[in-house]
Amino acid sequence: MKILRFMALLEGTSLLLLLFVAMPLKYSYGMPEVVSWVGRAHGGLFIAFNIVLFYHVFKGHLSEVKGFLGFLASLLPFGTFYYKAKVLNKSFRSE
């Protein structure tokens, strides 16, 4: 389960970097290559987070509802941070 929590942090951080660092650099300073690199990294981390998330759902470590909430959280800025804090940390305190 630790890897799921870590992936939530990575995915959330990559989205924030894309939105609040790479996009302003592209439009304010004409640096589109930053969006290309950060966007690729974020895309890979988004897919990896959801694969790990649904792996835990299919193994029975998380309910389907918590898995779906995790997917929805991965679509929103700050969503995976909130999901980690409110859902994952409560679900797996005994670890």
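Which residues of helix α3 (residues 64–74) are buried? Keep that question in mind while the whole chain is still in view, since the tour returns to it after a few other stops.

**Before selecting anything**

The model is predicted, so local features need pLDDT of at least 70 and side-chain atom pairs count only at pLDDT 80 or more, whereas totals for chains, interfaces and linings use all residues. Residues are numbered from 1 along each chain as its sequence is written, and side-chain values use heavy atoms, with hydrogens and water left out.

**The whole chain**

Show the chain as a cartoon and colour by pLDDT, which is the predictor's confidence in each residue, from 0 to 100. The mean pLDDT of the chain is 92, and 95% of the residues reach 70 or more. Four helices and zero strands are present; helices (H or I, at least four residues) and strands (E, at least two) are DSSP runs, numbered from the N terminus. Among these elements, helix α2 (residues 32–58) has the highest mean pLDDT, 96, and helix α4 (residues 79–91) the lowest, 88.

Taken along the principal axes, the C-alpha atoms fill a box of roughly 45 × 20 × 20 Å. With the surface switched on, the accessible area comes to about 5,900 Å², of which 71% belongs to carbon and sulfur atoms; accessible areas come from the Shrake-Rupley method with a 1.4 Å probe, and for residues only the protein chains shown count as cover. Of the 95 residues, 35% count as buried, where buried means under 20% relative accessible area, exposed over 50%, and partly exposed in between (1.4 Å probe, protein chains only).

Among contacts between residues at least 6 apart in sequence, 64% join residues at least 24 apart, a contact being heavy atoms within 4.5 Å.

**Helix α1: Ala22 and Pro24**

Select Ala22, which is found in helix α1 and is buried, with a relative accessible area of 0%. Leaving aside neighbours within four places in sequence, Ala22 is in contact with Leu17, Val34, Val35 and Val38. Draw a distance from Ala22 to Ser36, and the C-alpha atoms turn out to be 8.7 Å apart, although 14 residues separate the two in sequence.

Move on to Pro24, which also lies in helix α1 (residues 2–29) but is partly exposed, with a relative accessible area of 33%. With neighbours within four places in sequence set aside, Pro24 is in contact with Leu19 and Tyr29. A distance drawn from Pro24 to Leu72, 48 residues apart along the chain, gives 25 Å between the C-alpha atoms.

**Helix α2: His56**

Next select His56, whose place is in helix α2 and which is buried, with a relative accessible area of 5%. Not counting residues up to four places away in sequence, His56 touches Met1, Ile3, Leu4, His61 and Leu62. From His56, a C-alpha distance of 8.2 Å leads to Gly67, 11 residues apart along the chain.

**Helix α3: the opening question**

Gly67 is one of the buried residues of α3, together with Gly70, Ala73 and Ser74. These residues cover an arc of only 120 degrees around the axis, which puts them on the same side of α3; the arc is that of the directions from the helix axis to the C-beta atoms. Rotate the helix to see the face turned away from this buried side, which carries the exposed residues Glu64 and Val65.

**The loop before α4: Phe78**

Finish at Phe78, in the loop between α3 and α4, which is partly exposed, with a relative accessible area of 48%. What is phi of Phe78? The value is near 70 degrees, which is positive in a residue other than glycine. Most residues other than glycine have a negative phi.
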